[in-house]
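Open the model in your viewer and switch to a cartoon display. The stops below go through the sheet and then the helices.

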Amino acid sequence: MFEFTIPDISCGHCVGVVQKTVKSVDPSATVDIDIASKRVKITSDTERATFADALVAAGYSPAGPW
């Protein structure tokens, strides 16, 4: 499991986009998003950088370093 802080998460729509992005990288990944803390926890065997790149492409840049 790894965690990202994504400052741009502010609403349910953001949560949906982030979940969709994570699942597009690894459909079997588990994703837990806390809007208040702006933290995203992902459980997957896929590399962390792959998720970070996908999130950036979706417009939700994780706070670095990642």
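This is a predicted model. Start with the sheet: 3 strands make up an open sheet, in the order β1-β3-β2, with antiparallel pairing. In general, strands of a sheet pair through backbone hydrogen bonds.

Select residues 2–5 for β1 and 30–34 for β2. These two strands stand at the edges with a single partner strand each, so one side of each has no neighbour in the sheet. Averaged over the sheet and ignoring direction, neighbouring strands are turned by 20 degrees against each other.

Next, add β3, residues 39–43. β3 pairs with β1 in the antiparallel sense over 4 bridges. To look at one bridge, pick Phe4 and its partner in β3, Val40.

Now bring in the helices that pack on the sheet. α1 touches β2 and β3, and its direction makes about 160 degrees with that of β2. α2 touches β1 and β3, and its direction makes about 25 degrees with that of β1.

Hide the strands and keep α1 (residues 12–25) and α2 (residues 48–57). How far apart are their axes, and at what angle do the helices pack? The axes are 9 Å apart and the angle is about 135 degrees; α1 and α2 are therefore oblique to each other. The crossing of α1 past α2 is right-handed.

Last, show side chains where the helices meet. From α1, select Val18, Thr21, Val22 and Val25; from α2, select Thr50, Phe51, Ala54 and Leu55, which they meet. The residues of this contact comprise 6 nonpolar, 2 polar and no charged.

How values were computed: Residues are numbered from 1 along each chain as its sequence is written. This is a predicted model: local features need pLDDT of at least 70, side-chain atom pairs count only at pLDDT 80 or more; totals for chains, interfaces and linings use all residues. Side-chain values use heavy atoms; hydrogens and water are left out. Axes are lines fitted to C-alpha atoms, for helices over the stretch in contact, and angles run from 0 to 180 degrees between N-to-C directions. Angles under 35 degrees count as roughly parallel, over 145 as roughly antiparallel, 65 to 115 as roughly perpendicular and the rest as oblique. A crossing is left-handed if the near helix is turned anticlockwise from the far one by less than a right angle, and right-handed if clockwise. Contact means heavy atoms within 4.5 Å. Ala, Val, Leu, Ile, Met, Phe, Trp, Tyr, Cys and Pro count as nonpolar, Asp, Glu, Lys and Arg as charged, and the others, Gly among them, as polar. Two strands pair if DSSP finds at least two bridges between them.
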